[in-house]
Amino acid sequence: MSLQSNDDPADTIDQLRARANEAERLAAVRDASLKEIAKYARDLHCQIADLADDAHTLFKTKPYPAEGLRYVTERMNRLADTLTRTAIGYANARTEDMPYPNILDELAAHGWIARPDRELDGTLPPLHPAELGDARGYRRGFARGARTLTLWFTRPDCVAYAHSGTRGRLHTAAEVRAVISGRSDFDS
């Protein structure tokens, strides 16, 4: 690496340090995402193993009721669907996403209830298509009374995009926190 006479070595070191910090933050984002995906995969594996054991032992002598089998397979399908959506959504995490530690705890504490993911199917994010790219994030919807909040998670505690039914697009974690807590005193 050659330094020209007008290059300050301190600037170069600061730039390298900034790049290393950004890479470290992105690695942390991906680590948290992989841990959650691994949890879903482990849960799905356990359900499939239980069904396989039951099918080979318990149900040889007595057939499994159709309703019970439908319940078990629907539960596994929902978990596999969640696993797939999460993996796809978390794959495109970026360092500029909005970190929000304990977001799910705060949603629950302030009375927000998760809307079933299937209700969100077919809806387009309220963002410009060029900005959205490959639909980053694992989309989840929440409701409190008539208010709605849609979040695109890029890891369990980080959001790429947020949209409030009453306020529109939310650009910062502070705005998301204000909507969740019900505060109306933040600057839009």
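1. In this predicted model, M98 has V159 of β5 as its bridge partner. The pair belongs to the contact between strand β1, residues 98-99, and β5, where two bridges join the strands in the antiparallel sense.

2. β5 also pairs with β4. The two strands run antiparallel and are joined by six bridges. One position to look at is T150, which stands opposite H163 in β5. The connection is a hairpin, with two residues between β4 and β5.

3. A further partner of β5 is strand β6, residues 168-170, again antiparallel, over three bridges. Here H163 stands opposite R169 in β6. β5 and β6 also form a hairpin, with three residues between them. H163 is thus a useful residue to find when tracing the sheet: T150 stands opposite H163, and H163 stands opposite R169.

4. How much of β5 is covered? Six of its seven residues are buried, and the strand is described as mostly covered.

5. The largest nonpolar core has 25 residues. Those that touch the most other members are I103, L107, L149, L151, V176 and I180. Two or more core residues come from each of α1 (9-56), α2 (66-90), α3 (103-109), β3 (138-144), β4 (147-155), β5 (158-164) and α5 (173-181). Of the elements, α2 gives the most, with five residues. As general background, nonpolar side chains in soluble globular proteins tend to be buried together.

6. Which residues does I180 contact, leaving aside its neighbours within four places in sequence? They are Y100, I103, E106, L107, H110, W112, R144 and L149. Among these contacts of I180, I103, L107 and L149 are also listed with the core residues that touch the most other members. The contacts of I180 also include E106 and R144.

7. The structure holds one cavity of 30 Å³ or more. The volume of the largest cavity is about 50 Å³. Its lining consists of E36, Y40, T86, Y90, L104, Y138, R140, F153 and P156. At least two lining residues are supplied by each of α1, α2 and β3. By class, six lining residues are nonpolar, one is polar and two are charged.

8. Some elements appear in both of the last topics. α1, α2 and β3 each give two or more residues to the largest nonpolar core, and each of α1, α2 and β3 supplies at least two residues of the cavity lining. A reader may wish to view the core and the cavity together.

How values were computed:
Residues numbered from 1 in each chain as written. Predicted model: local features only at pLDDT ≥ 70, side-chain atom pairs only at ≥ 80, totals over all residues. Heavy atoms only, no water. Core = buried A, V, L, I, M, F, W, Y, C linked by side-chain atoms within 4.5 Å. Buried < 20%, exposed > 50% of the residue type's maximum accessible area, 1.4 Å probe, protein only. Helix = DSSP H or I, 4+ residues; strand = E, 2+ residues; numbered from the N terminus. Contact = heavy atoms within 4.5 Å. Pairing = 2+ DSSP bridges. 1 Å grid on protein atoms, 1.4 Å probe; cavity = no way out; pocket = protein on both sides within 12 Å on 5 of 7 lines; lining within 4 Å. Points joined across faces, edges and corners; volume = space filled by probe spheres on them. Nonpolar A, V, L, I, M, F, W, Y, C, P; charged D, E, K, R; others polar.
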